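Open the structure in your viewer and keep the selection tool at hand. We will go stop by stop.

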Amino acid sequence: MCIFCKIVNAEIPNKTILEDENFLAFYDINPARKIHALIIPKEHYDSFDVIPPKIMAGMTEFIQKVASKLEVKKSGYRLITNIGDDGGQEVRHLHFHLMGGEPVGKLVR
Ligand code: AMP
């Protein structure tokens, strides 16, 4: 079982931000910005590349609720998901990183 499935199953603790029947948002253990949340579907999908669009629609709504709860809607935030080797994905369970609480900077090479 992958590490995020273990979090869903409460085998590994997490700092939950928001949860519903299908999705979970919790704080990243190694935050890269003042606010750094991870948002996952409870069901295992390896990455964004394979998530059914219908489930992604629900996830979009959930992510917007997380942004409200974290009070970053007005100030803005960055939402990213890493996919596969070149994408730098370490945990192979789809997750979005929501980062904010400060200017997160530009995407530059
Ligand atoms: P990625 O490189 O996109 O796969 O990101 C994986 C993220 O998961 C990293 O930012 C890690 O800090 C984070 N992470 C790994 N294990 C945990 C954990 N047990 N609780 C919270 N965040 C975690």
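The tour begins at the ligand and ends at a salt bridge.

This is a predicted model: local features need pLDDT of at least 70, side-chain atom pairs count only at pLDDT 80 or more, and totals for chains, interfaces and linings use all residues. Residues are numbered from 1 along each chain as its sequence is written, and side-chain values use heavy atoms, without hydrogens and water.

**Stop one: the ligand's shell.** Select the ligand and the 16 residues around it (each with a heavy atom within 4 Å). Among them, Asp 28, Asn 82, Glu 90, Val 91 and His 95 come nearest. By class, eight are nonpolar, six polar and two charged. Now colour by DSSP element (helices are H or I runs of at least four residues, strands E runs of at least two). Helix α1 (3–8) and strand β2 (23–27) each supply at least two shell residues. The largest share, three residues, comes from α1.

**Stop two: polar contacts** (N or O atoms within 3.5 Å). Select Asp 28: a polar side-chain atom lies 2.5 Å from a ligand oxygen. At Ile 29, a polar backbone atom is 3.1 Å from a ligand nitrogen. For Asn 82, a side-chain N or O atom is 2.8 Å from a ligand oxygen. The ligand alone exposes 510 Å², and the protein buries 84% of that (Shrake-Rupley method, 1.4 Å probe).

**Stop three: a salt bridge** (a Lys or Arg side-chain nitrogen within 4 Å of an Asp or Glu carboxyl oxygen). The whole structure has two. Select Glu 19 and Lys 42, whose closest N and O atoms are 2.8 Å apart. This pair links distant parts of the chain, 23 residues apart. Glu 19 is in strand β1 (residues 16–19), and Lys 42 is in the loop between β3 (35–41) and α2 (53–69).

Conventions. Polar contact = N/O pair within 3.5 Å; in protein donor to acceptor, adjacent residues only side chain to side chain. Nonpolar A, V, L, I, M, F, W, Y, C, P; charged D, E, K, R; others polar.
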